[in-house]
Amino acid sequence: MVRASFWFSWILSLQVALFWLWGTPSAAAFTPEQQLVLQAWRTVNQAYYDESFNHQNWWLTRDRTLKQQIPNEEAAYQAITKMIATLDEPFTRLLRPEQYRSLKVNTAGELSGVGLQIGVKPGSKSIEVIAPIAGSPAAQAGILPHDTIVAIDAVPTSELTLDTAAVKMRGAKGTNVSLTIQTADKSPREVILIRQKIELNPVTAELHTENGRKIGYLRLAQFSAKAAQELGDNITKLKQQGATGYVLDLRNNPGGLVQAGVEIARQWLKEGAIVYTVDRRGAIDEIDANGTALTDAPLAVLVNAGTASASEILAGALQDNGRATLVGTKTFGKGLIQSLFDLPNGSGLAVTVAKYETPNHHDIHKLGITPDRIVPTPEISIEAAATQQDTQYLAAIEALGVGS
């Protein structure tokens, strides 16, 4: 009886193996369009941070997708988009060639259009503002973090992906784009913006004298590829000019390259953890300071609802290590990390590969970071930042021990 059971099991296993051999086409049997879909599927399969793939059979999703008619590249893009949509996670997405090129340009420190960083509102499909870029048409029009973009040129954003919305707001310098904006519970309003060429200078540095004491003021607009080098050069310059304390302004900084955030944290921290990343299997990777701090002078950090992603990594590292006092309002709350993967023909995928936690293992996603000193955001222009009109800046100066 045992012997018969063994042979039955062996025959059943052989049948299953033959089924997979005969029932699954070889890679060579797929059309180029199917190959594109397969490469996207494999990338997500290997890298996506949720091993349950939103509690679905990801292999079955693959097979269903490949059974569809995919006659051309556009059909392949649509199939990939539909397949990824089953994850119900807005940061993992297909980037068509023009979108992929644009994203790479942005992280390199250049931007064109209206100057808005956007995301998907948690718990909904609505597109919301993470932060306007300082001095941009959007900032000058008074668009605020957490404002909802209801429509772009009369097209409801409910019909657009995040990247399609971003592309629609870009365009040639001097051309107009209409945004329908809703702030909190107020009625939607139409805002006409004139697109401009926006040069992202990631760092603004000034030496202030506050009650006889020299304070270095540093505003970081975005974590671009050159942000860490520029900030480090300016810290050193301000130190040589006699700065005895620093204010680091991360307000309305929507993030960018995580590695830039890590490098900047190392400019302030001599030792200690900077961030923990947690992957799909729960494995925790610790990224630490490496003894390359540029100064140990007192530091205050300004944050608000537009402080997001890599900005929150930096703010959390400085707060949890006791290196800085955080001043302002609660941060945005984006705690997921995306990596970019190339696909054929210039397209790509942004895939959420991990979540991050602060050194004290606080999960930031959808929660944000609460400052040490809560001070409401003043309604001032960017030109009035770090002046006597800026109540958050004045609170930061006080946190440095500079009396009024």
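A residue counts as buried when its relative accessible area is under 20%, as exposed when that area is over 50%, and as partly exposed in between. With this in mind, select Lys355, which at 25% relative accessibility counts as partly exposed because its value falls between those two limits. The model on your screen is a predicted one, and the tour starts from this residue.

**Salt bridges**

Keep Lys355 selected and add Asp363, because these two form a salt bridge whose closest N and O atoms are 3.5 Å apart. Asp363 is partly exposed as well, with a relative accessible area of 29%. Now select Asp249, Arg251 and Asp390, which are joined into one network by salt bridges that share partners. A search of the whole structure finds eight salt bridges, and two further ones are visited here.

Select Glu74 and Arg96, whose side chains meet in a salt bridge with an N to O distance of 2.6 Å. Which parts of the chain does this pair tie together? Glu74 lies in helix α4 (residues 73-85), while Arg96 lies in the loop between β1 (93-95) and α5 (97-107), so the pair links parts that are 22 residues apart in sequence. Glu74 is partly exposed at a relative accessible area of 35%, and Arg96 is also counted as partly exposed, at 22%.

Next, select Arg62 and Asp63, whose side chains form a salt bridge of 2.6 Å, N to O. Is Arg62 buried or exposed? At 12% relative accessibility Arg62 counts as buried, whereas Asp63 is partly exposed, with a relative accessible area of 28%.

**Rings and charges**

Stay with Arg62 and add Trp41 to the selection, since the charged end of Arg62 sits over the ring of Trp41, 5.6 Å from the ring centre. Trp41 belongs to a cluster in which ring pairs link it with Tyr48, Tyr49, Phe53, Trp58 and Trp59. In the whole structure, the count of aromatic pairs comes to seven. One of them is formed by Tyr48 and Phe53, whose ring centres are 6.1 Å apart and whose planes are at 20 degrees, so this pair is stacked. Both Tyr48 and Phe53 are buried.

For another pair, select Tyr246 and Trp268, which are edge-to-face, at 5.4 Å centre to centre and with 70 degrees between the planes. Tyr246 lies in strand β12 (residues 245-249) and Trp268 in helix α9 (residues 258-268), so the pair ties together parts that are 22 residues apart in sequence. Tyr246 is buried, with a relative accessible area of 0%, and Trp268 counts as buried at 1%. For a second charge over a ring, select Lys334, which lies over the face of Phe91 at 4.7 Å from the ring centre.

**The nonpolar cores**

Return to Trp268 and add Leu248, because these two touch the most other members of the largest nonpolar core, which has 66 residues. Leaving aside residues up to four places away in sequence, Leu248 touches Leu218, Leu231, Trp268, Leu299, Ala300, Val301, Leu302, Leu314 and Leu318. Another core, of 20 residues, lies apart from it and includes Val129, Ile152, Leu179 and Ile181.

**The whole chain**

Finally, clear the selection and view the chain as a whole, with its eleven helices and 19 strands. Of its 404 residues, 49% count as buried. The accessible surface comes to about 19200 Å², of which 52% belongs to carbon and sulfur atoms.

Key. Residues are numbered from 1 along each chain as its sequence is written. This is a predicted model: local features need pLDDT of at least 70, side-chain atom pairs count only at pLDDT 80 or more; totals for chains, interfaces and linings use all residues. Side-chain values use heavy atoms; hydrogens and water are left out. A nonpolar core is a set of buried Ala, Val, Leu, Ile, Met, Phe, Trp, Tyr and Cys residues joined through side-chain atoms within 4.5 Å. Buried means under 20% relative accessible area, exposed over 50%, partly exposed in between (1.4 Å probe, protein chains only). Contact means heavy atoms within 4.5 Å. A salt bridge is a side-chain nitrogen of Lys or Arg within 4 Å of a carboxyl oxygen of Asp or Glu. Helices (H or I, at least four residues) and strands (E, at least two) are DSSP runs, numbered from the N terminus. Accessible areas come from the Shrake-Rupley method with a 1.4 Å probe; for residues, only the protein chains shown count as cover. Rings of Phe, Tyr and Trp (its six-membered ring) pair if their centres lie within 6.5 Å; planes under 30 degrees apart count as stacked, over 60 as edge-to-face and the rest as tilted. A charge sits over a ring if NZ of Lys or CZ of Arg is within 6 Å of the ring centre and within 35 degrees of the ring normal.
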